[in-house]
Amino acid sequence: MMYQLANPDLSGNEIKYVTDALQSGWISSHGSYIEQFERSVAEMAQTKYAVAANNGTTALHLALVAIGVQPSDEVIVPTLTYIATANAVKYCGATPVFVDSVEETLGIDVDDVIRKITPKTRAVIAVHLYGIPADVIRLRKICDEYGIYLIEDAAEAHGAAIEGQKVGSVGHLATFSFFGNKIVTTGEGGAVTTNSSELDAKLRLFRGQGMDPERRYWFPVIGYNYRMTNVQAAIGLAQMERLNDFLDRRQELADCYIAHLSGLDEISLPQPQPGLATVAWIQNVFLKDGGATRRDTVMASLQALEVDSRPVFYPMHVLPPYFDTTNVYPVADKVSELGFSLPLHVGLDESNIIEICEAVKQSVQNCE
Ligand SMILES: *Cc1c(COP(=O)(O)O)cnc(C)c1O
C-alpha cells in the first residue's frame with residue numbers, strides 16, 4: 001500500500017450536507033451552502049468578503065480581472081510557484097515579470113520585487129508557498145507606496161498568519177484553492193477574499209457572466225462563468241467546520257517528521273520563522289548537495305519503498321511557456337533542484353510518519 005502525498009478526509013458532515021444539497025434540488029450555483037461557505041472562508045481569512053469560484057486558477061484570474069489588468073500591464077510573480085499563478089496573468093494578456101524567492105520561507109523576495117517595479121507594473125502576486133506566509137506585510141507597504149495592487153495566492157496556506165494577521169487579509173485581494181490535495185477541499189474549488197466592497201462587487205459581476213445584479217439578463221461587461229456549485233460548497237462547509245482540527249493534526253504530524261528527520265545530516269528541513277504562523281501542507285525536505293539528479297534518484301528510491309513524493313515546483317523560468325535565461329533566480333534554482341515533498345494528510349498517523357522517515361533515511365543514504 002502506497003503512502004500517498006495527500007488524501008482528503010470527508011468523514012465529517014460532508015455526506016450529510018451533500019445529500020441535503022441534492023435533496024433540495026439546488027445543485028448548480030444557487031443555494032444556501034454557497035453563502036455559508038463564503039462566510040466561512042471570510043472568517044478563516046478574517047476579511048469582510050469572500051467570493052467562491054470553481055477553482056483556484058479561476059479565482060486568480062477573477063482577482064486580476066477585478067482590478068482591471070490589461071494586456072499592456074506587468075504583474076510581478078515569484079518564479080517559484082505553481083504554474084497557475086503565472087498563467088492567470090497570461091489569461092489577461094498581461095506580462096508576468098518573475099522574481100526570485102528567499103530561502104527561509106520560499107516566499108517572494110521583496111527586494112527583487114522593488115528592483116523589478118516599472119511604470120507598467122499593475123500588481124504583485126505573493127504566494128504563501130507550502131503553507132509558509134510570504135512577507136506580505138512589507139510588500140503591502142511597498143505596493144501602497146507605488147500605487148499598485150497586492151494579491152495573495154493563499155492556495156496552500158489556509159489559516160496561516162503573519163504577525164497575527166491571517167493570510168488572505170493583507171493584500172487588496174487574495175485567492176484560495178480547494179483542490180483535492182489542499183488543506184480544505186471542495187473537489188475542485190476556489191475563492192477570492194477582500195475587504196473592499198467595490199472589489200467584492202466586481203468579483204461577483206465577472207464570476208457570473210457579467211450580469212447586472214440589478215437587471216437580469218443585462219450584461220454591461222464580458223464576464224466569465226467561474227461559479228462554484230452548491231454541491232461543492234456543501235463539501236466545503238463541512239471541511240471548514242474542521243479546519244482547526246485539520247491544522248492541529250497536520251502540525252502534530254509535521255512535528256513528528258521534524259523529530260525523526262532532524263538528525264539526518266544529508267538533508268535540511270524548513271525552519272520555524274519568527275512572526276510566522278505556518279500551516280503544514282506537505283512536508284518539504286532539501287538535500288544538501290547532489291543536484292536534481294540525486295534528488296530524482298532519492299525520489300525513485302522512495303517510490304520503490306511505497307512512499308509517494310514530488311519535486312519542489314519547477315520555477316517558471318525553466319518551463320517552456322516562460323523560459324528565461326536573461327535573468328537569474330539562484331534561490332528558486334537551488335531549492336527546486338534539491339527539494340522534494342513528502343506525504344502529509346490527516347489520514348496518516350505517527351507510525352506511518354516514522355515508517356516514511358525510515359524510507360527517507362534509507363533512500364538518502366543509499367543514493368550518493
Ligand atoms: C493549487 C494551486 C493553485 C491553483 O488551484 P486550482 O484549484 O488547482 O486551480 C494556484 N496557486 C497555487 C500556489 C496552488 O498551489
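**Exercise 1. Describe the second largest pocket of this predicted model: its volume, its lining and the elements that contribute to it.**

*Solution.* Start with the volume: the second largest pocket holds about 370 Å³ of space. Next, look at the lining, which has 20 residues; Gln 251, Ala 254, Ile 258, Pro 270 and Thr 278 are the closest to the pocket's centre. Then turn to secondary structure. Helix H9 (243–261) and strand S12 (283–287) each supply at least two residues of this lining, and H9 gives the most, with 4 residues. Finally, sort the lining by class: 13 residues are nonpolar, 6 are polar and 1 is charged.

**Exercise 2. Now do the same for the largest pocket: which helix gives the most to its lining?**

*Solution.* First, the volume of the largest pocket is about 610 Å³. Its lining is made up of 18 residues, and those closest to the centre are His 30, Arg 204, Gly 208, Met 211 and Arg 227. The helix you are after is H7 (residues 197–207), which gives the most to the lining, with 4 residues. By class, you should find 8 nonpolar, 5 polar and 5 charged residues in the lining of the largest pocket.

**Exercise 3. Work out the surroundings of the ligand: which residues come nearest, and which helix gives the most to the shell?**

*Solution.* Begin with the shell. There are 14 residues around the ligand, and Thr 57, Asp 153, Glu 156, Ser 177 and Lys 182 come nearest. By class, the shell has 5 nonpolar, 6 polar and 3 charged residues. Helix H3 (56–66) and helix H4 (83–91) each supply at least two residues of the shell, with H3 giving the most, 3 residues.

Now go through the polar contacts one by one, using a cut-off of 3.5 Å between N or O atoms:

- Glu 156: an N or O atom of its side chain is 2.5 Å from an oxygen atom of the ligand.
- Lys 182: a polar atom of its side chain lies 3.1 Å from a ligand oxygen atom.
- Asn 55: a side-chain N or O atom is 3.4 Å from an oxygen atom of the ligand.

To finish, consider burial: the ligand exposes 380 Å² when taken alone, and the protein buries 94% of that.

**Exercise 4. Search the whole structure for cavities of 30 Å³ or more: how many are there?**

*Solution.* The search finds 1 cavity. The largest cavity contains about 110 Å³ of space. It is lined by 15 residues, and nearest its centre lie Asn 7, Pro 8, Lys 182, Ile 183 and Arg 250. As a last step, divide this lining by class: 6 residues are nonpolar, 6 polar and 3 charged. Did you recognise Lys 182? Lys 182 is also among the residues that come nearest to the ligand.

How values were computed
Residues numbered from 1 in each chain as written. Predicted model: local features only at pLDDT ≥ 70, side-chain atom pairs only at ≥ 80, totals over all residues. Heavy atoms only, no water. 1 Å grid on protein atoms, 1.4 Å probe; cavity = no way out; pocket = protein on both sides within 12 Å on 5 of 7 lines; lining within 4 Å. Points joined across faces, edges and corners; volume = space filled by probe spheres on them. Nonpolar A, V, L, I, M, F, W, Y, C, P; charged D, E, K, R; others polar. Near = heavy atom within 4 Å. Polar contact = N/O pair within 3.5 Å; in protein donor to acceptor, adjacent residues only side chain to side chain. Areas by Shrake-Rupley, 256 points an atom, 1.4 Å probe, with all protein chains shown as cover.
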